[in-house]
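Q: I have a model open and would like to go through one strand and the ligand site. Could we begin with the fold around that strand?

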Amino acid sequence: MILVTGGAGFIGANFVLDWLAQSDEPVVNLDKLTYAGNRENLASLQGDGRHIFVQGDIGDTSLVERLLAGHRPRAVINFAAESHVDRSIHGPGEFIQTNVVGTFRLLDAVRGYWAGLEAEHRQAFRFLHVSTDEVYGSLAPHDPAFAETNRYEPNSPYSASKAASDHLVRAWHHTYGLPVLTTNCSNNYGPYHFPEKLIPLMIVNALAGKPLPVYGDGMQIRDWLYVKDHCSAIRTVLAGGRVGETYNVGGWNEKPNIEIVQTVCALLDELRPRPDGQSYAGQITYVTDRPGHDRRYAIDARKLERELGWRPAETFETGIRKTVRWYLDNPDWVAHVQSGAYREWVSKQYASA
Ligand code: NAD
Ligand code: DAU
């Protein structure tokens with residue numbers, strides 16, 4: 001079996017669902033259920049004996065040790081993290097606690113377990129750490145895309161905490177021999193994406209008749225990847241990645257934010273037209289920029305393609321259409337995640353919008 005951390009969040013839940021759709025290998029899912037963790041994401045697995053959910057913290061060493069000893073996984077895949085850049089600006093403490101201290105404690109518990117395995121299992125074991133392209137900093141308009149050899153230049157408390165965690169993972173390999181793999185992925189989108197992030201926020205605000213808050217001039221560029229393609233990349237790296245290596249994962253879909261928002265509006269105009277016949281684009285509002293906002297990310301994913309033959313299955317056009325449809329088809333999920341805590345965040349972050 002495998003142990004997944006953070007498997008009730010956006011990418012982790014998609015990963016667990018995809019994994020169990022393709023394999024009968026059981027999953028132990030350790031998740032703290034922060035505001036971003038949602039058991040509803042895993043509702044379709046209710047009663048499925050292949051999925052064992054445990055609410056808990058990756059930094060709780062005795063819990064992690066108990067889970068490892070009790071379930072004896074052949075791999076650990078670490079998705080657990082605080083993930084939202086704007087929240088890291090308001091309150092970096094939780095990011096240091098989970099992303100840095102939590103990753104350290106998880107690594108150390110895993111090291112103890114791994115060291116005690118029989119030689120054959122010790123050799124086959126993997127610790128896969130899920131990281132981000134944001135550790136590489138920001139690109140100028142004509143810079144080449146981030147390669148695995150780029151220098152780490154994180155600019156936000158979030159990306160600095162992820163960079164620190166990547167360094168810990170690297171050190172646990174070089175110093176202790178732990179068989180690690182690290183993936184650095186670009187912006188994901190798709191089902192179960194929490195509506196604090198750009199794409200789902202725009203969908204839910206548009207449908208609610210609210211402003212669509214675009215930071216600064218809206219010309220910041222991100223490289224978008226459909227979440228199921230990220231999941232397939234992780235499965236590919238887990239199966240065939242070279243121990244100690246890092247792999248960049250991206251969708252070859254660089255787009256400025258304003259274009260993303262316009263695309264979402266156009267799809268909603270087609271699939272759920274406003275009663276007054278006007279376009280949702282009329283709700284776009286430019287608001288104060290994010291402090292220290294990185295201008296451009298772009299991922300060079302050729303290493304993963306060359307070594308392991310991975311390429312994304314979705315284009316942005318197919319993926320964004322599926323995503324908008326998913327939000328239209330799942331109004332209950334949307335309503336449930338917009339709890340009191342969500343409303344508090346939105347009013348704090350967009351107070352002046
Ligand atoms: P998310 O915020 O949606 O989910 C994070 C999950 O981790 C939640 O279920 C939360 O409850 C859990 N969690 C948080 N702290 C925990 C702790 N201390 N112990 C156990 N569980 C804890 O995040 P996501 O977007 O699904 O991102 C998953 C991972 O992928 C993160 O490591 C993130 O840095 C990385 N990543 C995300 C993106 C993206 O575009 N979303 C891109 C590249 C990399
Ligand atoms: O690049 C990978 C990263 O992508 C992940 O590591 C992070 O966990 C994930 O949150 C994401 O970070 P971003 O900051 O790029 O994502 P976000 O959805 O918050 O913002 C995307 C872009 O849209 C960014 O340039 C900021 C802008 N934006 C965002 C929000 C929430 C707006 O213009 N308005 C908004 O209201």
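Q: Which unit do β5, helix α6 and β6 make?
A: In this predicted model, β5, α6 (residues 157-176) and β6 make a right-handed β-α-β unit. Right-handed means that, with the strands pointing away from the viewer, the path from the first strand over the helix to the second runs clockwise. Helices (H or I, at least four residues) and strands (E, at least two) are DSSP runs, numbered from the N terminus.

Q: How many bridges join β5 to β6?
A: There are 6 bridges between β5 (residues 126-132) and β6, and the two run parallel; strands pair if DSSP finds at least two bridges between them. His-129 stands opposite Thr-182 in β6.

Q: Is β6 mostly covered or uncovered?
A: Strand β6 (residues 180-185) is mostly covered, with 6 of its 6 residues buried, that is, under 20% relative accessible area (1.4 Å probe, protein chains only).

Q: Turning to ligand 1, which residues are closest?
A: The closest of the 28 residues surrounding ligand 1 are Ile-11, Asp-31, Ser-83, Tyr-158 and Lys-162; a surrounding residue has a heavy atom within 4 Å.

Q: What lies 2.7 Å from an oxygen atom of ligand 1?
A: An N or O atom in the side chain of Lys-162 does. A backbone N or O atom of Asn-188 is 2.9 Å from a ligand 1 oxygen atom.

Q: Any notes on conventions?
A: Residues are numbered from 1 along each chain as its sequence is written, and chains are lettered from A and ligands numbered from 1 in the order in which they are written. Local features need pLDDT of at least 70, side-chain atom pairs count only at pLDDT 80 or more, totals for chains, interfaces and linings use all residues, and side-chain values use heavy atoms, with hydrogens and water left out.

Technical notes
Buried means under 20% relative accessible area, exposed over 50%, partly exposed in between (1.4 Å probe, protein chains only). A polar contact is a pair of N or O atoms within 3.5 Å; within protein, one must be able to donate a hydrogen and the other to accept it, and residues adjacent in sequence count only if both atoms are side-chain atoms.
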